[in-house]
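The exercises below take a reader through one protein model step by step. Please look over the sequence and the structure first, and then try each task before reading its solution.

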Amino acid sequence: MSLNIWHPFTQHGLGEPIPEIARAEGAALYQADGTKIIDAISSWWVQTHGHCHPTIIAAIQEQSAKLDQIIFAGWTHEPARELAEGLSDFLPKSLAHIFFSDSGSTAVEVALKMALGYWHNRGDARQKILVMEHSYHGDTIGAMSVGARGVFNQAYAPLLFDVGTIAFPEAGAEQATLDQLEAFCRDSDSPPAALIVEPLILGAGGMKIYSPAILAQMASICRAYDVLFIADEVMTGWGRTGSVFACEQADVEPDILCMAKGLTGGVIPLAVTAAKDAIYQSHLSEDRARMFFHSSSFTANPIACAAANANLGIWREEPVQQRINGIIASHREFSNELKRKPNISGLRQCGTILAFEIDDGAGDYMSDLYMSDLGPLLLGFFRDHNILLRPLGNTVYLMPPYCISRGDLNTVYAVIEEAIDHFRGC
Ligand code: PLP
């Protein structure tokens, strides 16, 4: 007898089919019988260059035969050193220190602990974390605490810490968000330790987009009041928004930057939290009580670091930006088609990410995000058409790997149009 496998974000009580994938290549997933499924969301936003990129796979194979794992507390290895050197070409020079972990959630936990450690070690009692409405930063307790509250974390509410929440800067109401941020920063009774945001686009919270100008202004308010600015680039990093990191578009150098997913090309788990010198220096001492108290067993796993080094090599040697630009242009063309559809709204694009809502007759889409009855129907529709798309309720979004062919993109677009027409009047 086999044990039951409990899948993430899956209501097994609904008896949803769980298809099995046997192999993958580029933007395609294949079932054992040869059925091809186009991966239009990069397998939960992780894949950047496509599945089983030969350079990354070769690096993993080579490294795993040489050094598989070594404790990283008090020890180091060449793939980690190489990655530290390589990442300096991709990050602002001010982010001079990197700390490894294993997932987006842990990168965020590390960022929050660095921020609190910074203030604690300086003898300042700042503890409050500011967050943006509708944010998602992961599913561990700290990451959930700084994310939106809702049905998905209601049961765990007693474990979550309090935060200060600024409104999402909706078009036309941006100033109110900035004023709110400034009011929090000015509060001398409870001065904030840090603000954490997803730059330019909020992912799981509904693919909600705001402008680089607002990102820049939020960063500058934080700087003015000595509040640490944390950029969670777990989704946006590695090209999704059109630049390697979203912060580049706003000319923002955050105090702390979190990355994961695309760091290894999305092949194997690895995360980095990069920090400015002041944050590192606040932990640097001859006093062991001031060290950064964080670790996990697989911190900087050599195989994962080798995969990340291969990813950097692909960025340097292959026309990655050109591929990204191709997707951006082709989404734009498709958007023009979509504008003709009467039953969609909120059409928006941020780099390689395209999103919109299909009218489900339920009104304000944010109120039914995830819980919209249309969500599972759309999921099933796309699955039946051999497309991996996983709408957030009635919010459909595309986030393909950069290697996707024009032909595959067109297939995805056609199925999306079919879905919009199919569910018209729902
Ligand atoms: N932060 C953001 C912005 C994310 O989109 C995600 C995951 O989607 C996370 C953090 C959590 O990453 P992980 O699922 O690797 O823990």
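The domain assignment divides the protein into domain 1 (12–52 + 319–422) and domain 2 (56–316), with bounds that come from an automatic or database domain assignment. This is a predicted model, in which local features need pLDDT of at least 70 and side-chain atom pairs count only at pLDDT 80 or more, while totals for chains, interfaces and linings use all residues. Residues are numbered from 1 along each chain as its sequence is written, and side-chain values use heavy atoms, with hydrogens and water left out.

**Exercise 1. Describe how the two domains are placed and how many residues each gives to their contact.**

Begin with the centres of domain 1 and domain 2, which, taken over C-alpha atoms, are separated by 27 Å. Then turn to the contact (heavy atoms within 4.5 Å), which takes 31 residues from domain 1 and 28 residues from domain 2.

**Exercise 2. Find the largest nonpolar core and work out where it lies relative to the domains.**

A nonpolar core is a set of buried Ala, Val, Leu, Ile, Met, Phe, Trp, Tyr and Cys residues joined through side-chain atoms within 4.5 Å; buried means under 20% relative accessible area, exposed over 50%, and partly exposed in between, with a 1.4 Å probe and protein chains only. The largest such core has 97 residues, and those with the most contacts inside it are Met207, Leu215, Met218, Trp238 and Phe382. Helix H9 (residues 302–317) gives the most to this core, namely nine residues, where helices (H or I, at least four residues) and strands (E, at least two) are DSSP runs numbered from the N terminus. Because domain 1 and domain 2 both give residues to this core, it lies between them. Apart from it lies another core, of 27 residues, including Met114, Ile230, Val234 and Ile279. As a general background, nonpolar side chains in soluble globular proteins tend to be buried together.

To look at one member closely, take Phe382, which touches Ile387, Leu389, Pro391, Val396, Val415, Ile416 and Ala419, not counting residues up to four places away in sequence.

**Exercise 3. Locate His53 and decide whether it is buried or exposed.**

His53 is found in the loop between helix H1 (42–45) and helix H2 (54–66). Its relative accessibility is 9%, so His53 counts as buried. With residues up to four places away in sequence not counted, His53 touches Ile314 and Glu318.

**Exercise 4. Compare the surroundings of three salt bridges, formed by Lys276 and Asp255, by Glu337 and Arg340, and by Glu357 and Arg348.**

A salt bridge is a side-chain nitrogen of Lys or Arg within 4 Å of a carboxyl oxygen of Asp or Glu, and by this rule the count comes to 15.

1. Lys276 and Asp255 meet through their side chains at 3.6 Å, N to O. Since Lys276 lies in the loop between strand S12 (271–275) and helix H8 (277–283), and Asp255 in the loop between strand S10 (228–232) and strand S11 (256–259), the pair ties together parts that are 21 residues apart in sequence. Lys276, at 21% relative accessibility, counts as partly exposed, whereas Asp255, at 17%, is buried.
2. Glu337 and Arg340 have their closest N and O atoms 3.3 Å apart; Glu337 is partly exposed at 34%, and Arg340 is exposed at 64%.
3. Glu357 and Arg348 meet at 2.8 Å, N to O, and both of these residues are buried.
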